[in-house]
Amino acid sequence: MGSDITEIIASHKTLREKIAELLREAIIQQKLKPGERVTELEIASRFGLSRTPIREAFRQLESEGFLHIVPRKGAMVAELDEKDIRDFYEIKAVLEGYAARVAAERVTADDIDRLEKLNRRMRACAGKHDIAGMTVAHNEFHQVILEICGNQKIIEVVGNLVRQFLRFRFFVSASAELERLLAHHDLVIEALRTRDGQAAERYIVQNARLGEQVLVDFFLSRKGSEQGDKR
Amino acid sequence: MKIDILESSIADHQPLPDKICDFIREAIIVGKMKPGEKISEAKLAEDLHISRTPIREAIRMLESEGFVSIIPRRGAIVSEFTTHDLYEMYQVKACIDAFAASLAVVSIGERELARMRRLNEEEQAAVEQHDFVRYVKIHEEFHQVFIGRSGNDKLDHLNLMMMNHIKRLQSFFSDKPEIFRSCSATHGELISAFESGDPKLVRALVERNIMHIAEQIKLYGEQQVAGA
């Protein structure tokens, strides 16, 4: 009996969430670099917090792929390598492709409207070099397709995977390939409108493959320049 | 329930929160902890003779795995898992396993094929004995042979997580032979497709096979609702 521990967990949620958000943003913006150590003690003393919510935030960020926790050594910012990127996009392509195929049977005129608006918003943001706005619209576009399909498990699995790659989303949205990515989106919308599930799947898979290529290129060029720095 | 979890954590070199997480997950999978049941940190701390902090961490891990839901002002409870969840999960599995199979075609050798043939025989024996819980287990082992050869680590991990959830509804399969009627026959076909090294055919067969299971589960779910 006594005090309900689960209440304590619930009350900690805000604090934990705030710490997680803070660290997540720092990692996305590369203020904390891959491989860098993050200690509970340092964060606790910097913000005047107890270590428990920090530890919970670390666990959350570990499950999101931002941190890597080594027993008895502590946490460090997770490194992603080329294989992680390829593995991720393979799964994303498969599940989004299936979702698009199912979505073609279920799509409504309102859904098509929403997708067209999002694509227009991405183009408008691109014109203003508003990369953050573009990224939000981009994520939403893909989310809408999963929602039309309606399989909650796919939404959850893809959501978890995408979160691990959030720190690179800026580079995809800002890439020179943006017009091609948007052209894929147009093709997906057209396929959904004509209820051609196979075409919708094909274009969404091509879209994922292009995203993969952009990130792998970015990753390899960054690695190259890092090695250059060391010389 | 007196288990020295601390001792076993030290012995296995496994961090305490992970050990507690495994312990609670197992209790949920085998149904010792029921959907909707409150997870009391205080009680766990008492039963396991440990402090609350690692338990709290374990609960957070289980939340991200989907075994626990945290409800504001109510706390942590064992999450629900319905036949609809099972149906959706098998749809995901159909996509993932089928894709894994197409990737595995190049690295499946005679050893893996022999294992698949043996498991296929065991599957058929389980069907004849009407032991469908065992069937599901062997069926999964069969799939694990090619998923393990896909070369995509995330896919492997994802499948493992899903199987942990699917195990919660193992009893669902125990009296429903129809679900698997066509499956063990298809596995024979699948082995031949692996032998011929045709990734497209392999992918199509696995997807069809598991989507069929998904549809059967959906049908049962609808009958349950209609019967209620």
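The crossing of α5(B) and α8(B) is left-handed. That is a starting point for the exercises below, which all use a predicted model.

**Exercise 1. A helix pair inside chain B**

Task: Describe how α5(B) and α8(B) pack, and which residues meet.

Solution.
Step 1. Recall what is needed. Two packed helices are described by the angle between their axes and the distance between the axes.
Step 2. Locate the helices. In chain B, α5 covers residues 83–104 and α8 covers residues 153–166.
Step 3. Give the two values. The angle is about 150°, and the axes are 11 Å apart. Angles over 145 degrees count as roughly antiparallel, so α5(B) is roughly antiparallel to α8(B).
Step 4. List the residues. From α5(B) come L86(B), M89(B), V92(B), K93(B), I96(B) and A100(B). They meet L155(B), L158(B), N159(B), M162(B), H165(B) and I166(B) in α8(B).
Step 5. Sort them by class. This contact of α5(B) with α8(B) has 9 nonpolar, 2 polar and 1 charged residues.

**Exercise 2. A helix pair across the two chains**

Task: Find how α4(A) and α5(B) are arranged, and state the classes of the residues in their contact.

Solution.
Step 1. Locate the partner. Helix α4 of chain A runs over residues 82–106.
Step 2. Give the values. α4(A) and α5(B) pack at about 130°, and their axes lie 10 Å apart. Angles over 145 degrees would be roughly antiparallel, and 65 to 115 roughly perpendicular. The angle fits neither range, so α4(A) is oblique to α5(B).
Step 3. Add the handedness. The crossing of α4(A) and α5(B) is right-handed.
Step 4. Name the residues. V94(A), L95(A) and Y98(A) sit on the α4(A) side. V92(B), C95(B), I96(B) and F99(B) sit on the α5(B) side.
Step 5. Sort them. The contact of α4(A) with α5(B) has 7 nonpolar residues, no polar ones and no charged ones.
Step 6. Look back at Exercise 1. V92(B) and I96(B) are listed in the contact with α8(B), and V92(B) and I96(B) are listed in the contact with α4(A).

**Exercise 3. The chain B side of the interface**

Task: Work out which elements of chain B touch chain A, and which one gives the largest share.

Solution.
Step 1. Count both sides. Chain B gives 32 residues to the contact, and chain A gives 27.
Step 2. Name the elements. Those of chain B that give two or more residues are α3 (41–48), α4 (52–65), β2 (75–78), α5 and α8.
Step 3. Pick out the main one. α4(B) gives the largest share, 8 residues.
Step 4. Sort the chain B side. This side has 15 nonpolar, 6 polar and 11 charged residues.

**Exercise 4. Chain B and the domains**

Task: Outline chain B, then describe the domain contacts in chain B and chain A.

Solution.
Step 1. Count the elements. Chain B has 11 helices and 2 strands. From the N terminus, their order is α-α-α-α-β-β-α-α-α-α-α-α-α.
Step 2. Add the dimensions. The C-alpha trace of chain B spans about 55 × 45 × 30 Å along its principal axes. Of its 228 residues, 39% count as buried.
Step 3. Split chain B. Domain 1 is 5–78 and domain 2 is 83–227. The domain centres, taken over C-alpha atoms, are 30 Å apart.
Step 4. Find the contact. In chain B, 5 residues from domain 1 and 5 residues from domain 2 take part. On the domain 1 side, α2 (residues 16–29) of chain B gives the most, with 3 residues. By class, that side has 2 nonpolar, 1 polar and 2 charged residues.
Step 5. Turn to chain A. Its domain 1 is 5–77 and its domain 2 is 82–230. Here 4 residues of domain 1 contact 4 residues of domain 2. The domain 1 side has 2 nonpolar, 1 polar and 1 charged residues.

**Exercise 5. Two positive phi values**

Task: Place R195(A) and R73(B) in their loops, and decide whether each is buried, partly exposed or exposed.

Solution.
Step 1. Recall the background. Most residues other than glycine have a negative phi.
Step 2. Take R195(A). Its phi is positive, near 55°. R195(A) is in the loop between α9 (178–193) and α10 (197–230) of chain A. R195(A) counts as partly exposed because it has 13 C-beta neighbours inside 10 Å.
Step 3. Take R73(B). Its phi is positive too, about 70°. R73(B) lies in the loop between β1 (68–71) and β2 of chain B. With 9 other C-beta atoms within 10 Å, R73(B) is exposed.

Technical notes: Residues numbered from 1 in each chain as written. Chains lettered and ligands numbered in written order. Predicted model: local features only at pLDDT ≥ 70, side-chain atom pairs only at ≥ 80, totals over all residues. Axes fitted to C-alpha atoms, helices over the stretch in contact; angles between N-to-C directions. Helix = DSSP H or I, 4+ residues; strand = E, 2+ residues; numbered from the N terminus. Parallel < 35°, antiparallel > 145°, perpendicular 65-115°, else oblique. Left-handed = near helix turned anticlockwise from the far one by under 90°. Contact = placed C-beta atoms within 7 Å. Nonpolar A, V, L, I, M, F, W, Y, C, P; charged D, E, K, R; others polar. Domains from an automatic or database assignment. Buried ≥ 20, exposed ≤ 12 C-beta atoms within 10 Å, placed from the backbone.
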